[in-house]
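The following note sets out, point by point, the features of this model that a colleague may wish to examine. It covers internal space, helix contacts, an aromatic pair and backbone geometry.

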Amino acid sequence: MAKTLKHENRPMLVLVLLANLALFALVLKTNSIVFADVVAATKEWQSLLPAGLGLVVCGIVNELLSPALKARLVFWRWRNPLPGSEAFTRYATADPRVDMERLRKKLGKLPTSPEEQNAAWYQLYKKVSGTAPITDAHRAFLFCRDYAAMAALLSVVLGGVVIWQVRPLQTVLVYLLVLATQYLVVRIAAANAGRRLVTNVLATT
């Protein structure tokens, strides 16, 4: 049975989860942040958490948020957060690889509402989803999106525990800054990957 793209990404997400838990455990244990110890602590977590159980835990954490909420955390739009919602009015016109005239001949009048744009883009995606450039772009988007969602969730849960349990305040602030930076950086990467997926489909169609 072929693995899904999300399933293929899960081992890397497990490492992300373990690294976050390792840093969290170090902060709770030492009331300080020593990044040099994170790698060693991550290996310790790997030995404590069997690979199979790690995949299960990561899968559960990843499914706590819906795809729509994950998209909102990436694109910072509550309504119509999927990248395909701006496929023709924003992304297509900004990418020189996209032949707008060819798209008009294929689709007729190009859609303008977010819902129609996403639906039309998805129909185009289904026709080229098996090609290597599209598969690679989709895998990258799913990984970054799920990582960003996990980072946001861990920022709330682990950050809340550290605020409650750890002193001095300086350590708490540094830890919260690390969590926020992780989320913001990965969120930008996920947004870029989503846009690249959209434009790759439009340029390939």
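**Cavity, pocket and helix contacts**

1. A search of the whole structure finds one cavity of 30 Å³ or more. The model is a predicted one, and the points below should be read on that basis. The space in the largest cavity comes to about 30 Å³.

2. The residues lining the largest cavity are V61, N62, L65, K70, D146, A149, M150 and L153. Two elements, α3 (51-62) and α8 (132-165), give two or more residues to this lining. Of the contributing elements, α8 gives the most, with four residues. Sorted by class, the lining of the largest cavity has five nonpolar, one polar and two charged residues.

3. The largest pocket should be considered separately from the cavity. Its volume is about 300 Å³. The lining of the largest pocket consists of 16 residues, and L82, P83, W121, H138 and F141 are those that lie nearest the pocket centre. At least two lining residues are supplied by each of α4, α7 (114-128) and α8. In terms of class, 12 nonpolar, three polar and one charged residues line the largest pocket.

4. How do the axes of helix α4 and helix α9 cross, and at roughly what angle? The axes of α4 (residues 67-75) and α9 (residues 169-204) come within 8 Å and cross at roughly 105 degrees. Angles from 65 to 115 degrees count as roughly perpendicular, and α4 and α9 are therefore roughly perpendicular to each other. On the α4 side the contact involves L73, V74 and F75, which meet Y183, R187, A190, A191 and G194 in α9. By class, this contact of α4 with α9 has six nonpolar, one polar and one charged residues.

5. A second helix pair is formed by α5 (87-94) and α7 (114-128). The axes of α5 and α7 come within 10 Å and cross at roughly 55 degrees. The two helices, α5 and α7, are therefore oblique to each other. From α5, the contact is made by A87, F88 and T89; from α7, by Q117, A120, W121 and L124. The contact of α5 with α7 has five nonpolar, two polar and no charged residues. W121 of α7, which takes part in this contact, is also one of the residues nearest the centre of the largest pocket.

6. The structure holds four aromatic pairs. One of them is formed by F75 and F141, whose ring centres are 6.4 Å apart and whose planes stand at 45 degrees, so the pair is tilted. Because F75 lies in helix α4 and F141 in helix α8, the pair ties together parts that are 66 residues apart in sequence. Each partner also appears in an earlier point: F75 is in the contact of α4 with α9, and F141 lies among the residues nearest the centre of the largest pocket.

7. Two backbone features merit inspection. R167 and P168 are joined by a cis peptide bond, with omega at about 15 degrees. P168 is found in the loop between α8 and α9. W76, a residue other than glycine, has a positive phi near 55 degrees. The place of W76 is in the loop between α4 and α5.

Definitions and conventions. Residues numbered from 1 in each chain as written. Predicted model: local features only at pLDDT ≥ 70, side-chain atom pairs only at ≥ 80, totals over all residues. Heavy atoms only, no water. 1 Å grid on protein atoms, 1.4 Å probe; cavity = no way out; pocket = protein on both sides within 12 Å on 5 of 7 lines; lining within 4 Å. Points joined across faces, edges and corners; volume = space filled by probe spheres on them. Nonpolar A, V, L, I, M, F, W, Y, C, P; charged D, E, K, R; others polar. Axes fitted to C-alpha atoms, helices over the stretch in contact; angles between N-to-C directions. Parallel < 35°, antiparallel > 145°, perpendicular 65-115°, else oblique. Contact = heavy atoms within 4.5 Å. Phe/Tyr/Trp six-rings, centres within 6.5 Å; stacked < 30°, edge-to-face > 60°.
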